[in-house]
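Please open the model in your viewer and keep the selection panel at hand. The tour goes from one selection to the next.

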Amino acid sequence: MSTTQPTKTILRLELPTDPRWVNIAEKNIEEILVDHAYCEQKAATSGISLIVKYPDKERLVDEMTELVAEEWSHFERVMEQLKKRGYKLGRNRPDEYVVELAKHIRKGGKRERQLMDHLLVNALIEARSCERFKLLWKNIQDEELQKFYYELMVSEAGHYVSFVKLAKEYMPADEVDARLKELLAIEADIIRSLEPRPDRMH
Ligand SMILES: [Fe+2]
Ligand SMILES: [Fe+2]
């Protein structure tokens, strides 16, 4: 795959997606759109949970309010694409990638440290989604979806940057960078351990 921005320079992901993924994804666009709709729904829900858990963190509340609105508009847009094609949302499915990653949000300790882990895990989900949108944008044949994935790639890259910045608002920058480095390695191991699936965004 290409090593140009934003996947390499901004996102710092250690392991590129298996190139087979985009081919199998395009052949299963219904499944990919359904899974994608749930990813957007979860992104919005996760922003709301952060507001509920940390109402005293003013900057966090402001930024999550904005993010939730954006993720919800992404959800609406994926729903529009589903309906246009006569597909239905259907049931939610387990998201192994997110479940594995979330196990690395440390419990206990300082509240700010937990918040940092949560924000960085969210940052990595954004980064990986962004990388996948880039692959879809560059490789998929459907022109409308190409444009859609391009716009989402840009938006999720912005979210990645915001989450990392926000973590630095509440914890020292060097600690955030060190933890991000650890989590990037963990994320690469998780990606390595999961077979590319035709019915999953991650
Ligand atoms: Fe999104
Ligand atoms: Fe996002």
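This is a predicted model, and the stops below cover the metal sites and then one helix.

**Stop 1: ligand 1.** Select the iron ion (ligand 1) and show the side chains of E40, E71, H74 and E156. These are its protein donors, through OE of the three glutamates E40, E71 and E156 and ND1 of H74, at 2.0 to 2.2 Å. The 4 donor atoms subtend angles of 92 to 140 degrees, so the arrangement is irregular. Along the chain the donors are spaced E-x30-E-x2-H-x81-E. E40 belongs to helix α2 (residues 29-53) and H74 to helix α3 (residues 58-84); this pair is 34 residues apart and links distant parts of the chain. Both E40 and H74 are buried.

**Stop 2: ligand 2.** Now add the iron ion (ligand 2), 3.5 Å from the iron ion (ligand 1), and look at E71, which bridges the two. Ligand 2 is coordinated by OE atoms of E71, E126 (listed twice) and E156, and by ND1 of H159, at 2.0 to 2.4 Å. Its donors follow the spacing E-x54-E-x29-E-x2-H.

**Stop 3: helix α6.** Select E156 and H159, which sit 3 residues apart in α6, about one turn of the helix. E156 has a relative accessible area of 2% and is buried; H159, at 5%, is buried too.

**Stop 4: helix α7.** Select residues 173-193. For these 21 residues, 1.5 Å a residue gives an expected span of 30 Å, and the end C-alpha atoms are 30 Å apart, which agrees. Buried residues of α7 include V176, R179, L180 and E187. Show α4 (96-102), α5 (111-139) and α6 (143-170) as well: they are among what covers the buried residues of α7.

Key: Residues numbered from 1 in each chain as written. Chains lettered and ligands numbered in written order. Predicted model: local features only at pLDDT ≥ 70, side-chain atom pairs only at ≥ 80, totals over all residues. Heavy atoms only, no water. Helix = DSSP H or I, 4+ residues; strand = E, 2+ residues; numbered from the N terminus. Expected span 1.5 Å × (residues − 1). Buried < 20%, exposed > 50% of the residue type's maximum accessible area, 1.4 Å probe, protein only. Contact = heavy atoms within 4.5 Å. Donors = N, O, S within 2.8 Å, 3.2 Å for Na, K, Ca; no water. Tetrahedral: all angles 85-135°; square planar, octahedral: opposite > 155°, others 65-115°.
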